[in-house]
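Student: Could you take me through the salt bridges of this model, and then through the parts around them? I would like one connected account.

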Amino acid sequence: MHDELVDHLTRSTPLQRGEALRVIQDVLAYFDETTENYVRRRHRELQAQGLVNAEIFGQIEADLKYRAVAPPELSLRQLRRIVYG
């Protein structure tokens, strides 16, 4: 899985192959979180820090502009339309 990326990381960092693979898997799992789950998680985290909802929702709104989120699941037809128009 992701051999080219693992190879790149082992060449460009001091990581060993197994470590690089774990890092990649962790990053992919982090970005696999849906928008809804991200919003719920961040709300809990910010609430635990003592922020009120007005501050929390403003922060989440700002964060979402820069967050990579999992794409929606695409049907085969949708994939074909992406490729062929």
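Tutor: Happy to; here is a walk through the salt bridges, followed by a loop residue, an aromatic pair and a surface patch. This is a predicted model, in which local features need pLDDT of at least 70 and side-chain atom pairs count only at pLDDT 80 or more, while totals for chains, interfaces and linings use all residues. Residues are numbered from 1 along each chain as its sequence is written, and side-chain values use heavy atoms, with hydrogens and water left out.

Let us begin with the charged pairs. Side chains of opposite charge can pair when their charged atoms come close. The structure holds seven salt bridges, a salt bridge being a side-chain nitrogen of Lys or Arg within 4 Å of a carboxyl oxygen of Asp or Glu. One of them joins Asp3 to Arg17, with 3.3 Å between the closest N and O atoms. Because Asp3 lies in helix 1 and Arg17 in helix 2, this pair ties together parts that are 14 residues apart in sequence. Helices here are DSSP runs (H or I, at least four residues), numbered from the N terminus. Arg17 also meets Asp7 in a salt bridge, at 2.7 Å from N to O. That pair again links helix 1, where Asp7 sits, to helix 2, across 10 residues.

How covered are these three residues? Relative accessible area is 45% for Asp3, 41% for Arg17 and 32% for Asp7, so each is partly exposed. The scale calls a residue buried under 20% relative accessible area, exposed over 50% and partly exposed in between (1.4 Å probe, protein chains only).

Further along the chain, Asp63 and Arg42 form a salt bridge of 3.5 Å, N to O. Asp63 belongs to helix 4 (residues 53-64) and Arg42 to helix 3, 21 residues apart. Both Asp63 and Arg42 are buried. The two are also members of a network of salt bridges with Glu33, Arg41, Glu45 and Arg67. Within that network, Glu33 is found in the loop between helix 2 and helix 3 (35-48), and Glu33 is buried at 16% relative accessible area. The side chains of Glu33 and Arg41 are joined by a polar contact of 3.0 Å; such a contact is a pair of N or O atoms within 3.5 Å, where within protein one must be able to donate a hydrogen and the other to accept it, and residues adjacent in sequence count only if both atoms are side-chain atoms.

Back in the loop between helix 1 (3-12) and helix 2 (17-31) we find Leu15, which is partly exposed at 26% relative accessibility. Leaving aside residues up to four places away in sequence, Leu15 touches Thr10, Ala20 and Val23, contact meaning heavy atoms within 4.5 Å.

A search of the whole structure finds one aromatic pair. Tyr30 and Phe31 form it edge-to-face, 5.0 Å centre to centre with 85° between the planes. Rings of Phe, Tyr and Trp (its six-membered ring) pair if their centres lie within 6.5 Å; planes under 30 degrees apart count as stacked, over 60 as edge-to-face and the rest as tilted.

Finally, Ile82 has its place in helix 5 (residues 76-84) and is exposed, with a relative accessible area of 60%.

Technical notes
Helix = DSSP H or I, 4+ residues; strand = E, 2+ residues; numbered from the N terminus.
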